[in-house]
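Here is a short briefing for someone meeting this structure for the first time. Look over the sequence and the model, then read the points below.

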Amino acid sequence: MSKDAVNTAAATPRTDAAQVPADAGDAGYSKDLKARHVNMIAIGGAIGTGLFLGAGGRLHNAGPALALAYLVCGIFAFFVVRALGELVLYRPSSGSFVSYAREFLGEKGAYVAGWMYFLNWSTTGIADITAIALYTHYWSMFTDIPQWVLALIALAVVLAVNLISVKIFGEMEFWFAIIKVATLVGFMFIGIFLLATQHEVGGQTPGLSVITDNGGVFPHGMMPVVLVMQGVIFAYAALELVGVAAGETAEPEKVVPRAVNSIMWRVGLFYVGSVVLLALLLPGSVYSADQSPFVTVLSKIGVPAAGDVMNLVVLTAAMSSLNSGLYSTGRILRSMAMAGSAPKFTARMNRSQVPYGGILLTCAVCVLGVGLNFLVPAQAFEIVLNVASLGIISTWVIIMICHLVFVRRAKEGLVTRPSFRLPGSPVTEITTIAFLLACLGMMWNDPEVGRKTLLLVPLIAAALVAGWFGIRRRVSQTADQELSQFTK
């Protein structure tokens with residue numbers, strides 16, 4: 001507990017022993033995010049390049065059964081966000097799950113949660129600026145500009161937006177999400193029209209026959225479907241942003257339940273619905289990892305400039321992801337810095353109440369990504385994407401562990417659960433954790449990339465242990481100072 005937290009606790013009438021002090025990292029933020037911002041942040045987190053671009057290669061490998069993979073992973077992703085939503089209503093915090101890890105798992109838990117999340121978003125940021133540079137090269141006017149220059153420009157633009165104010169961030173995410181949703185809705189209308197009119201797509205009549213005549217739902221068996229699960233989980237990364245954004249909205253008790261509950265039907269409609277449509281329009285073998293599946297369909301029916309439009313949308317999705325990464329890590333690092341487990345400068349805020357220190361640290365790692373784009377432009381995207389998957393799976397596991405402890409304390413009468421709850425506890429949490437760890441284990445079946453990524457786990461663990469021994473004295477001193485302030 002930090003100094004500001006102790007002061008808050010001392011100033012607040014304590015009606016019971018379970019009174020929860022505020023997180024010091026929550027002090028100083030504006031409450032400028034509106035309900036529409038948070039709702040669209042939830043949508044934006046659920047829809048990204050994992051669908052617009054990644055679904056093509058996964059359809060090729062797994063066939064129509066990819067829809068089942070998206071549904072199963074979507075259900076577990078919803079459990080994670082529902083658990084986080086309950087914790088948010090218990091105590092809104094811009095430190096989000098790091099703040100809850102501090103309360104329920106101690107400083108070591110918060111330290112691991114925060115730095116693994118930083119690993120996730122800093123490496124995702126590298127993947128995003130790499131993707132932005134690659135997508136921009138699609139247009140001939142940009143092909144002569146080096147990939148690393150485009151990556152640097154993208155990073156500079158999104159950094160500027162994040163440093164101005166949280167309201168500008170919210171507006172940017174709002175319109176990014178509008179573009180993504182409008183594109184998906186437009187495609188689904190076209191797809192349904194093609195099905196209803198039996199209009200030929202690439203020389204084939206769309207419908208169930210496209211699936212039955214090309215190997216059925218599982219054309220390559222069950223194993224390819226199992227193997228794509230890890231990539232599908234990464235497609236849902238950023239859903240946890242709802243928890244971070246809740247700390248900067250005036251009425252989280254009204255906004256968060258609506259945003260969290262809407263995630264489930266959005267996943268069903270946009271992910272599962274889109275993949276089912278794609279499978280009914282063309283055989284899985286026609287799709288590829290090199291092209292958006294939506295572009296594949298639209299080009300087969302002769303839609304002009306389909307590639308240009310979809311490339312712009314995918315570019316928007318990558319910009320949205322980079323924008324969200326800088327936003328969330330800035331808040332998470334500030335929460336950690338106030339407890340002594342992150343560099344002091346990451347706790348600094350500017351006049352617009354933006355934690356610029358943490359944002360700049362994430363940006364510095366992304367600059368290393370610019371260097372990666374300079375040295376190995378062809379491999380940069382694949383290298384960092386797999387490292388990021390370690391971060392997001394560990395983050396979701398920690399959220400579920402925090403919720404397990406929270407429920408246990410509620411049963412002991414130490415805290416009070418809100419009416420908005422994760423159903424089926426503790427079975428839901430345990431099942432979700434087991435599923436996420438299984439997805440991590442599946443990476444071993446990919447000797448080229450996944451297995452090498454898993455071999456990084458001992459190195460990351462060693463770095464975390466070494467880092468903890470480096471900062472534990474500062475964390476202890478911070479706690480002692482707060483205790484002395486509280487007892488004065």
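Among contacts in the protein chain between residues at least 6 apart in sequence, 79% join residues at least 24 apart. The model is predicted. The chain has 21 helices and 0 strands. Of its 488 residues, 57% count as buried.

**Surface**

- The accessible surface of the protein chain comes to about 19,500 Å². Carbon and sulfur atoms account for 66% of that area.
- A nonpolar patch lies on the surface. L68, L71, I75, V217, F218 and M222 form this patch. Together they have about 470 Å² of accessible area.
- I75, one of the patch residues, sits in helix α5, which covers residues 66–90.
- I75 is partly exposed, and its relative accessible area is 31%. Patch residues need over 30% relative accessible area.

**Salt bridges**

- How many salt bridges does a search of the whole structure find? The search finds 3.
- One salt bridge joins the side chains of E86 and R417, at 2.5 Å from N to O. E86 belongs to helix α5, while R417 is in the loop between α18 (380–411) and α19 (427–442), so the pair ties together parts that are 331 residues apart in sequence.
- Are E86 and R417 buried or exposed? E86 is buried, with a relative accessible area of 0%. R417 also counts as buried, at 17% relative accessibility, because the cut-off for buried is under 20%.
- Another salt bridge links the side chains of R91 and E103, at 2.9 Å from N to O. R91 is in the loop between α5 and α6 (96–105) and E103 is in helix α6, so this pair ties together parts that are 12 residues apart in sequence.
- R91 is buried, with a relative accessible area of 8%. E103 counts as partly exposed, at 22% relative accessibility.
- The side chains of E107 and R102 also meet in a salt bridge, at 2.8 Å from N to O. Both of these residues are buried.

**A buried loop residue: I47**

- Where does I47 lie? I47 is in the loop between α2 (35–46) and α3 (49–52).
- I47 counts as buried, at 2% relative accessibility.
- Which residues does I47 contact, leaving aside its neighbours within four places in sequence? They are F52, K180, V181, L184, F270 and Y271.
- Y271, one of those contacts, is 224 residues from I47 in sequence. In space, I47 and Y271 are 8.0 Å apart, C-alpha to C-alpha.

**A buried helix residue: S389**

- S389 lies in helix α18. This helix spans 380–411.
- S389 is buried, with a relative accessible area of 1%.
- Not counting residues up to four places away in sequence, S389 touches Q230, F234 and M443.

**Threads to follow in the model**

- Helix α5 appears under two topics. I75 is found in this helix, and E86 lies in α5 as well. I75 is partly exposed, whereas E86 is buried.
- Helix α18 also appears twice. S389 is in α18, and the loop that holds R417 runs between α18 and α19.
- To follow links between distant parts of the sequence, trace E86 to R417, 331 residues apart. Then trace I47 to Y271, 224 residues apart.

Conventions. Residues are numbered from 1 along each chain as its sequence is written. This is a predicted model: local features need pLDDT of at least 70, side-chain atom pairs count only at pLDDT 80 or more; totals for chains, interfaces and linings use all residues. Side-chain values use heavy atoms; hydrogens and water are left out. Patches are made of residues with over 30% relative accessible area and no salt bridge: like charges are joined within 9 Å, nonpolar side chains (Val, Leu, Ile, Met, Phe, Trp, Tyr) within 5 Å. Accessible areas come from the Shrake-Rupley method with a 1.4 Å probe; for residues, only the protein chains shown count as cover. A salt bridge is a side-chain nitrogen of Lys or Arg within 4 Å of a carboxyl oxygen of Asp or Glu. Helices (H or I, at least four residues) and strands (E, at least two) are DSSP runs, numbered from the N terminus. Buried means under 20% relative accessible area, exposed over 50%, partly exposed in between (1.4 Å probe, protein chains only). Contact means heavy atoms within 4.5 Å.
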